[in-house]
Amino acid sequence: MRKWTAVLAAAILAAALAGYATKASGSGSSAKAGGTFRLGTSSRIDSLNPYVAFNQDAYNTFEYVYPFLIQYDKTNGAFAADFATSWHSSNGGKTWTFKTRSGAKWSDGQPLTAKDAAWTISTDIKYAAGGAANAAGLVAHIKSASAPTANTLVVRYAQAPGNVLGQFQQLAILPQHIWSKHLGNKGTNLKTFSNNPLVGAGPFKLTKFKKDNIALFQRNDSFYGEKPKVDAFGLQMFSNEDALVAALKSHQIDAVEAVPATAIKTLKGSFNVRSVPGVDQTDLIINSNPKKTAHRELLNLKVKAAMAHAVDRAQIIRVVFLGYARPGSSIIPPATGAWHNPAVKPEGFDLALANKLLDQAGFKKGSDGIRRASGHKMAYDVITPTDVPSTNRTFQILQPAFKKIGIQLRQRALDSTAAFDAISSPDSKYLKFDLAMWDWVALIDPDFMLSVTTCAQFGGWSDSGFCDKRYDSMYSQQQLTPNQAKRKALVWKMQRYLQAKRPYVWLAAQNAVWAVSKNWGGLVASPQGPFNSINKLSLTRVHQQ
Amino acid sequence: MKGADYVLKRLAFAVLTVFIAVTINFALFRLAPGSAVTNLARVPHATPETRLALKRQFGLDKSRFQQYVIYLQQLAHGNLGISFANSQPVTDNLRTALINSLPMVFLGTLFAIVFGTLTGIISAWRRGTTVEGVTVTTALGFYSMPTHWLGLMLVILFAGVLPTGGMSNEFLINPSFWTHVKDLGEHILLPALTLGLVLFGEYTLIVRSAMLETLGEDYVLTARAKGLRPAAILRRHALRNALLPITTLVALSLGYIVAGAILIETVFSWPGIGRAVYDAVLQRDYPMLQGAFLVLTVSVVLCNLIADLLYFRLDPRITE
């Protein structure tokens with residue numbers, strides 16, 4: 001037994017030394033000039049290949065390692081220069097010309113020119129139905145791209161589009177001399193290229209990548225734009241939020257990209273905690289497919305309105321998001337700035353009005369308090385994805401409120417793949433499901449969010465079965481309206497239209513909340529958090545205090 | 001000859017088990033609703049063409065039977081396919097995840113085998129005493145603890161003393177060899193301890209039960225009557241006869257090492273095979289799932305085969 005006691009004592013000693021060593025290494029690494037900014041995330045980079053990547057952190061990484069033609073400015077409301085320094089349209093908006101930086105270089109020393117941009121766009125068009133399918137939507141309506149000079153990019157469209165800059169803000173320019181070797185198998189090889197080591201030209205170079213573990217970025221001194229203040233930054237990936245917060249508290253990392261609501265209180269005071277309106281909105285989805293076969297009463301606008309009035313958003317925000325959210329009202333959240341229509345207000349929580357609307361619609365309550373529609377109970381399954389944990393507590397708030405208006409709800413929790421399968425079944429026709437809950441993360445440009453309710457998105461992004469010719473016509477119109485003021489008016493009109501038709505009842509727009517050690521400053525706020533794909537500003541400007 | 005027959009039969013049975021498992025795995029994952037395309041096609045600006053292209057790329061446009069034949073053909077050539085999720089060879093993905101998992105799970109299992117066997121023997125030998133009460137209660141306590149809860153408690157307890165996530169401190173700049181080893185040791189301690197403590201309970205209870213059975217046998221009574229020393233009775237008569245169930249348990253535990261530990265890897269952000277399998281299930285990444293379960297099947301079958309062969313050596317009755 002004495003031997004085990006000795007082993008135990010040694011283990012305790014090792015643990016104590018380990019704690020000391022961890023602290024020492026943490027402070028040691030940031031003591032260098034410039035320093036290394038250590039960011040923790042509960043998300044991860046699923047792939048370094050832009051034709052494969054799915055997770056937002058992968059797209060955030062591309063923003064910092066690749067050149068983009070343009071980016072959003074500090075306010076996230078206007079476009080600013082990135083690789084392109086100026087741009088203009090001609091030929092009635094069908095031709096766009098970009099002037100790009102001169103003297104720029106890829107991280108392997110090769111010259112970066114407008115030809116790389118033209119090649120990327122042309123490749124995306126050529127293999128849109130194959131290896132480059134991920135980028136297909138970004139090059140929609142483009143006929144051709146060319147680089148008449150090393151610093152001039154000309155893009156020609158079949159029709160004058162309304163969201164050219166919004167699309168190019170999301171398109172990473174790839175090095176032709178690297179990627180052109182991976183066009184085999186009719187472009188399919190674009191997807192199998194691991195892209196590690198990564199040749200880029202952003203403010204940072206990716207120097208180390210271990211999947212689901214760490215991504216280390218070093219300052220790129222030959223970057224064409226604003227140089228980073230730090231020597232390096234690292235993104236450490238955690239699969240457990242409690243461990244992530246514990247790592248911040250023990251200074252193993254310097255910041256947390258998205259703080260869970262339950263941890264905000266414990267971090268305030270010791271860390272700088274920022275909370276800004278975000279672009280992640282939760283929703284109640286009502287199957288709005290006009291061809292829906294069962295429970296067609298859900299297509300009745302009075303029933304939908306009654307459901308909207310049975311949602312206690314204040315309680316959802318207080319209980320589920322601990323106050324770090326705002327009432328949802330529109331498919332375009334307020335954090336997108338001018339694209340949000342402020343006239344689209346959230347419906348008030350009014351059970352008496354909801355009951356009145358259902359009475360008016362002729363759905364009488366049975367002896368059990370549940371209403372009847374066409375002889376059946378108004379009792380519905382609500383599909384909830386297990387990877388959106390807020391849906392569980394939100395459902396617990398909705399269920400009793402809906403019961404009070406004579407509608408019975410049953411939760412059907414499924415993983416996201418199975419949930420989408422249940423929503424879109426059979427064969428992407430959206431005929432079977434009644435209600436669901438999920439969330440949407442909007443982009444700044446409204447085109448993408450407005451597209452999810454078009455008929456063309458059946459089997460794609462649609463999760464409501466909404467298909468309306470008048471709406472589709474408005475959508476196409478806004479896509480082809482180069483005048484941004486006119487486009488905004490159309491976008492506002494579409495939001496009003498969607499609120500009237502209610503494929504979604506918007507519940508809450510979550511705040512983006514992050515926490516940073518008081519030793520660091522300079523992070524730029526954005527509705528996507530400090531590490532985002534909106535612009536290159538945040539981690540370029542972060543610095544030791 | 002009897003021995004050779006036994007070995008051959010066991011080998012044939014092992015091969016058949018692997019083949020059946022491979023077939024069941026292929027069918028099982030495809031029974032789950034949804035497909036890899038459902039998830040992967042849902043990226044900003046994806047078009048209906050994206051879905052078609054993905055289906056063609058993954059071979060999901062072919063019939064199930066065709067997919068099965070292709071899978072077997074590839075397997076015969078040692079090719080586990082390409083992951084749907086990250087388009088990289090499954091072999092590479094599995095190798096990385098396994099290399100990450102094995103040291104941590106092995107250390108935890110070793111801890112459990114050593115301490116669990118020891119406490120199991122002690123508690124059986126000291127039956128009816130306080131020692132037995134303490135060991136059994138402790139073992140039951142750890143055995144009944146949800147793994148992730150125990151992991152989280154250790155995270156809370158040791159936050160600031162030991163690292164709470166990851167396999168190493170990747171921010172260390174040019175660490176010396178010993179600094180690196182120490183760093184790895186610090187990171188592996190909590191996850192391995194969590195696994196070890198949970199398995200420790202199981203080992204203690206099973207070893208105790210096997211020991212109690214043999215300690216009640218007549219030959220132990222005879223040995224006592226002959227006046228043998230307690231240590232000799234324990235080692236030569238009781239423990240040797242209790243080895244059969246212990247061998248099975250150790251073999252099974254070692255076989256399952258390659259499965260990693262999903263909950264522990266999640267709590268401690270350990271990028272191992274358990275998390276890789278969990279993600280593959282969520283993403284319906286069939287090649288990755290098939291590859292991971294093939295490795296698991298082969299490992300469990302192999303360890304069982306080794307246990308069977310050890311039985312041959314440990315238990316003379318088998319040759320009779």
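## A four-stranded sheet in chain A

Strand S4 of chain A and strand S5 (residues 95-100) of chain A run antiparallel to each other and are joined by six bridges. One pair in this ladder is A:Trp87, whose bridge partner in S5(A) is A:Phe98. The model described here is predicted.

S4 and S5 belong to an open sheet of four strands in chain A, ordered S4-S5-S7-S6, with antiparallel pairing. Its edges are S4 (84-90) and S6 of chain A, each of which pairs on one side only. From one strand to the next, the twist averages 20°. In a regular strand, side chains alternate between the two faces of the sheet.

## The hairpin and the helix across the sheet

Strand S6 (residues 142-149) and strand S7 (residues 152-157) of chain A pair in the antiparallel sense over five bridges. The hairpin that links S6(A) to S7(A) does so through two residues. Within this pairing, A:Ile142 has A:Tyr157 of S7(A) as its bridge partner.

Helix H3 (residues 114-126) of chain A lies across S5, S6 and S7 of chain A. The helix runs at about 160° to S6(A).

## Chain A as a whole

Chain A contains 17 helices and 21 strands. Its radius of gyration is 26 Å, close to the 24 Å that the globule rule gives for 545 residues, so chain A is as compact as a globular protein of that length. Along the principal axes, its C-alpha atoms fill a box of roughly 85 × 75 × 40 Å.

Of the 545 residues in chain A, 52% are buried. Among contacts in chain A with a separation of 6 or more, 69% are between residues 24 or more positions apart.

## Where chain A touches chain B

The two chains meet through 59 residues of chain A and 53 residues of chain B. On the chain A side, the elements that give two or more residues include helix H1 (2-30), strand S1 (36-41) and helix H13 (416-424). H1(A) provides the largest share, eight residues. By type, the chain A side divides into 25 nonpolar, 24 polar and 10 charged residues.

## Confidence

For the complex, the predictor gives an ipTM of 0.77 and a pTM of 0.83. Chain B averages a pLDDT of 86, and 93% of its residues score at least 70. Among the elements of chain B, helix H6 (residues 130-144) has the highest mean pLDDT, 94, and helix H2 (residues 36-40) the lowest, 67. Where pLDDT is low, the predicted coordinates should not be read in detail.

Technical notes:
Residues numbered from 1 in each chain as written. Chains lettered and ligands numbered in written order. Predicted model: local features only at pLDDT ≥ 70, side-chain atom pairs only at ≥ 80, totals over all residues. pLDDT = per-residue confidence, 0-100. Contact = placed C-beta atoms within 7 Å. Nonpolar A, V, L, I, M, F, W, Y, C, P; charged D, E, K, R; others polar. Pairing = 2+ DSSP bridges. Rg over C-alpha atoms; globule rule 2.2 N^0.38 Å. Buried ≥ 20, exposed ≤ 12 C-beta atoms within 10 Å, placed from the backbone. Axes fitted to C-alpha atoms, helices over the stretch in contact; angles between N-to-C directions.
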